[in-house]
Amino acid sequence: MSTFENTKILVTGASSGIGRAIVELCAADNAQVVALARRGQRLAELHKLFPNNLYPLTVDIRNREELLDAVSGLPKSFAPIDILINNAGMGRGGDSVYDGNPDDWDEMIDTNIRGALNLIHTILPGMVAKGSGQIINIGSIAASYAYPTSNVYGATKAFIRRLSLNLRTDLAGTGVRVTDIEPGVVETEFTENR
């Protein structure tokens, strides 16, 4: 038996980079993977690689109602979720705060913070009810180490770090675990755009 056989995993930001790599790894190991992203065409291409154990879900995690509807409509073979990998995120700008664009800040806050919270709020009650589960938040080394122009992006990832620590205290005794992974620079589309 494989490590993830029959495990139901939801991965956000699944259309590229780290998210796509996680989806491919888990699906290749026979997990039932819900691949969630905004770019439906990319998810369709990914689905062709794993037609039997990948469920593409095109949704914007910033839209709480749309997300809740999409997740509540998952087929039984992909629900309830055992592992949530909160990977979707974005970095905009590359400016200092004094010459930055508040619209970029809003987009990062809405995606990196509100989006992650929307997923946790949607998935966590089911995990607590069944007494098991794993939330893996993909943060960033920018949460702990400042670098020029990382201002708002780093702050959103520091929020994810603190949220993960606080969730652990809330979930003590429930059987649900929380992990925060903080990668550094990775050669992905995200890094090219940032």
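The conversation below goes over the cavities and salt bridges of a predicted model.

Student: How many cavities of 30 Å³ or more does a search of the whole structure find?

Tutor: The search finds two of them in this predicted model; the largest has a volume of about 70 Å³, and about 50 Å³ of space lies in the second largest.

Student: Which residues lie nearest the centre of the largest one?

Tutor: Arg 92, Gly 93, Gly 94, Asp 95 and Trp 105 lie nearest the centre, out of 14 residues that line the largest cavity.

Student: And which helices supply at least two residues of that lining?

Tutor: Helix H4, covering 102–130, and helix H5, covering 151–170, each do so, and the largest share, three residues, comes from H4.

Student: How does the lining of the largest cavity divide into nonpolar, polar and charged?

Tutor: Four of its residues are nonpolar, seven are polar and three are charged.

Student: OK, what lines the second largest cavity?

Tutor: The lining consists of Asn 86, Asn 87, Ala 88, Thr 111, Asn 112, Ala 116, Ile 138, Lys 157 and Ile 160, which divide into four nonpolar, four polar and one charged. H4 gives the most to this lining too, with three residues, while H4 and H5 each supply at least two.

Student: Switching to salt bridges, how many does the structure hold?

Tutor: There are seven salt bridges in the structure. One of them pairs Asp 82 with Lys 130, where the closest N and O atoms are 2.4 Å apart. Asp 82 sits in the loop between helix H3 (64–72) and strand S4 (83–86), whereas Lys 130 belongs to helix H4, so this pair ties together parts that are 48 residues apart in sequence.

Student: Are Asp 82 and Lys 130 buried or exposed?

Tutor: Asp 82 counts as partly exposed at 22% relative accessibility, and Lys 130 is likewise partly exposed, at 33%.

Student: Back to Arg 92, which side chain does it meet in a salt bridge?

Tutor: Its side chain meets that of Glu 107, with an N to O distance of 3.0 Å. Arg 92 lies in the loop between S4 and H4 and Glu 107 in helix H4, 15 residues apart, and the pair links distant parts of the chain. Arg 92 is itself partly exposed, with a relative accessible area of 32%.

Student: Which residues are linked with Arg 92 in a network of salt bridges?

Tutor: Asp 60, Arg 62 and Glu 107 are linked with Arg 92 in that network. Within this group, Asp 60 forms a salt bridge with Arg 62, their closest N and O atoms being 2.7 Å apart.

Student: Is Asp 60 buried or exposed?

Tutor: Asp 60 is buried, because its relative accessible area is 18% and buried means under 20%; Arg 62, at 31%, counts as partly exposed.

Key:
Residues numbered from 1 in each chain as written. Predicted model: local features only at pLDDT ≥ 70, side-chain atom pairs only at ≥ 80, totals over all residues. Heavy atoms only, no water. 1 Å grid on protein atoms, 1.4 Å probe; cavity = no way out; pocket = protein on both sides within 12 Å on 5 of 7 lines; lining within 4 Å. Points joined across faces, edges and corners; volume = space filled by probe spheres on them. Helix = DSSP H or I, 4+ residues; strand = E, 2+ residues; numbered from the N terminus. Nonpolar A, V, L, I, M, F, W, Y, C, P; charged D, E, K, R; others polar. Salt bridge = Lys/Arg side-chain N within 4 Å of Asp/Glu carboxyl O. Buried < 20%, exposed > 50% of the residue type's maximum accessible area, 1.4 Å probe, protein only.
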